[in-house]
Amino acid sequence: MPSVTPETGLEGTPVAAQNETEETAAPPPTPEATATHTPTPLPPKDLVVCVSGEPTDLYLYGDQSPAAVSIRHALYESPYTSLGYDYQPLALTKLPTLDDGDVLLEAVEVTEGTIVLNAAEEVGPLARGMEVIDAAGEQVPFTGEPLLMNQMVVDFTFQPLVWSDGTPVTAEDSVYSFRVAKDRATPVLDNRVRLTAAYEAMDQRDVRWTGVPGYLTPAYATHIWTPLPSHQLAGFAMEELAGLEETARAPLSYGPFVVDRWDPGDAIRLIPNPEYYRTTEGLPHLTSLTFRFLTPNNATLPTGYEGCHIITDDVLSFNALNDVDEAARAGSLVEYTATAGAVEQIIFGIDPAAAYEATRPGWFQDARVRQAITQCTDRQALVDELTFGRAEVMDTFVPNDHSLHPNDVAQWPYDPAAANALLDEVGLLDTTGDGVRDSIGATVPFSITLGTNSESDLRLQIIERVRDDLADCGIQVNPFTLDAGAWFASGPAGKVFGRQFDLAQLAWINRIQPDCGLYLGRHVPGPILDGFNGWQGVNVSGWSNEAYDAACNEALSTLPGQPGNMEANQEAMRIFAQELPAMPLFTRMRLAATTPNVLNFRLDPTQPSALWNAFELDMSLDGS
């Protein structure tokens, strides 16, 4: 409704008589008019976020593109977030912990047919002969007799959330969301479902997650399902949900914003949700939040960026850094960078598959050779050239800024002289004078392959630079590429997971909790008949180290905060840095930008979305 400003006429002012005589008393003085002051309304705070394309839908279990995820952060406040290699509550009253008693580890009896997570990390019914991890942390075969395995139970409590139609959010809404995620008709595969024995509402706002026996995870805080409005959707068949207007285009919200309109091909405009549970705190700060659609992974500032207050990291590739730097120097943009969730490395084929091993010497079985190759690779130059010096050279399997990274890990800085001395010490000498070292016994030249997937320009540059570096140490490197489908195909046929390579350049996802399991001996992929746990393993180097396995198993059998967990994780990192089953290079980098008047924008290494805190985004007005 438009505001109404009162008129300022002089009400009650006497009017002089037309025929008054001198004796008539003079009227009282006319009072001066007093102006009525109306506060000047503040300008609206209409913030525009530019994302990498138009979502196909906003369904919680539909489009998982960065653009769709960013918008849903404003509609469904996530139960938790993940900042600085840790978890924090958002739509939860708190994070459950062992100390508070809302995380329990229970030893439960399992029998034949019980659904468990076995030692090969496969979920299925317990069967005779199957290897499992028992409640004491030992790997044992199931003989048919009942045995004890650990089971996690975690309790969560939601904040007093309310759907945008005024209906309270309940624990049953989260359970309904779990059922949707579990249904085969749902287009998105949720791996948490198969690791769940039960997910149930305990009270109006309380839910309980119970894991399958044998599944112990430091990421237990993530085993909660974002609510869906069961009062609105439960009457529809599961296969109908993805196509409904109520889920795909205009979903009910319990977050800070609701959908106002969707202009196809242009933008989605959100406005504040009047039912948001934090409105009494003055949240959200914005009058509107508009998502405009640009193109992804631009190496320069894209066309149309001038109308953006926030340019997300899915719009900008890191190669756009120079453009953003220039705009930042001019005062038109503020630059934000953070490490991304991918750790680039070169994995040594220490113990290849038998058929591949038969064709070449075991070049990398001696740790000194791996150390020499690392010292002969100018990893700082890779960082300087490929990340504009913004990344850091890594020394173990977690980034240097990880909260558990120990200060005393082995360092292997670029030093070709030291690298050549190590190779001489091993006995790999250039016996023919052709500039290439030879195997011990001088029968085979030290000529190796270095492969990667052809779709990545970054990795193509990495393998070419490593080839040039290793030539200075008498190692002939022959780079090659395959398309990702062939390169990452499952074993035994695939190059990487079939352990058919000398050196493999790839990236592992960097998780919040250290993932020492990537290099466990029991995770080497290979045939079961040869004593492996099958071809689903991830330790493609073939490396196995008893001390490392002991430290890693200790870390994996305890939870963060439990005695010995930090020490075990750090010991695994130290052993890795000394033994080098892989040469860690650097983490990928992310780049985003905002105009100078945007407040509370945060790009974090372990939070994938730049819009995770839409509820507190703000804009300064008139430079304030």
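# A guided tour, starting at a helix pair

Begin by selecting Ala547, Tyr548, Ala551, Cys552, Glu554 and Ala555 in α13, which meet Asn565, Ala568, Asn569, Glu571, Ala572, Ile575 and Phe576 in α14; contact here means heavy atoms within 4.5 Å. By class, this contact has nine nonpolar, two polar and two charged residues. In that scheme Ala, Val, Leu, Ile, Met, Phe, Trp, Tyr, Cys and Pro count as nonpolar, Asp, Glu, Lys and Arg as charged, and the others, Gly among them, as polar.

Before going on, note that you are looking at a predicted model, in which local features need pLDDT of at least 70 and side-chain atom pairs count only at pLDDT 80 or more, while totals for chains, interfaces and linings use all residues. Residues are numbered from 1 along each chain as its sequence is written, and side-chain values use heavy atoms, with hydrogens and water left out.

**The whole helix pair**

Now show α13 as residues 546-556 and α14 as residues 565-579: the two pack at an angle of about 150°, with their axes 8 Å apart. That makes α13 roughly antiparallel to α14, a label for angles over 145 degrees, with under 35 counting as roughly parallel, 65 to 115 as roughly perpendicular and the rest as oblique. The axes are lines fitted to C-alpha atoms, for helices over the stretch in contact, and angles run from 0 to 180 degrees between N-to-C directions. The crossing of α13 past α14 is left-handed, as a crossing is when the near helix is turned anticlockwise from the far one by less than a right angle, and right-handed if clockwise.

**Zoom out**

With the full protein in view, you have 14 helices and 22 strands; helices (H or I, at least four residues) and strands (E, at least two) are DSSP runs, numbered from the N terminus. Along the principal axes, the C-alpha atoms fill a box of roughly 135 × 65 × 45 Å. Of the 624 residues, 50% are buried, where buried means under 20% relative accessible area, exposed over 50%, and partly exposed in between (1.4 Å probe, protein chains only).

**The ten-stranded sheet**

Which strands should you colour next? Pick out the open sheet with the order β12-β13-β14-β1-β15-β20-β16-β19-β17-β18, whose pairing is mixed. β12 (257-263) and β18 (476-482) stand at its edges with a single partner strand each, so one side of each is left without a neighbour in the sheet. Inside, β15 (residues 310-311) pairs with β20 (residues 582-594) in the antiparallel sense over two bridges; strands count as paired if DSSP finds at least two bridges between them. Click on Ile310 and look across to Thr594, its bridge partner in β20. Then add helix α6 (residues 321-330), which packs on the sheet and touches β16 (334-348) and β20, its direction making about 160° with that of β16.

**The four-stranded sheet**

Move to the open sheet with the order β4-β9-β11-β10, where the pairing is antiparallel. Its edges are β4 (103-110) and β10 (196-201), each with a single partner strand, so one side of each is left without a neighbour in the sheet. On average, neighbouring strands here are turned by 20° against each other, direction ignored.

Walk across it pair by pair:

- β4 and β9 (residues 147-157) pair in the antiparallel sense over eight bridges, and Val108 stands opposite Met149 in β9.
- β9 and β11 run antiparallel, joined by five bridges, with Phe156 opposite Val207 in β11.
- β10 and β11 (residues 206-211) also run antiparallel, with five bridges; here Tyr199 has Trp209 of β11 as its bridge partner.

Helix α2 (residues 171-182) packs on this sheet, touching β10 and β11, and its direction makes about 150° with that of β10.

**Two serines in loops**

Select Ser164 in the loop between β9 and α2. Is Ser164 buried, partly exposed or exposed? Its relative accessibility is 23%, so Ser164 counts as partly exposed. Beyond its neighbours within four places in sequence, Ser164 is in contact with Leu252, Ser253, Val258, Asn273 and Glu275. Try a C-alpha to C-alpha distance to Pro251 as well: Ser164 and Pro251 are 87 residues apart in sequence and 9.3 Å apart in space.

Finish at Ser78, in the loop between α1 (66-75) and β2 (80-83). Ser78 is buried, with a relative accessible area of 16%. Leaving aside neighbours within four places in sequence, Ser78 is in contact with Leu90 and Ala91.
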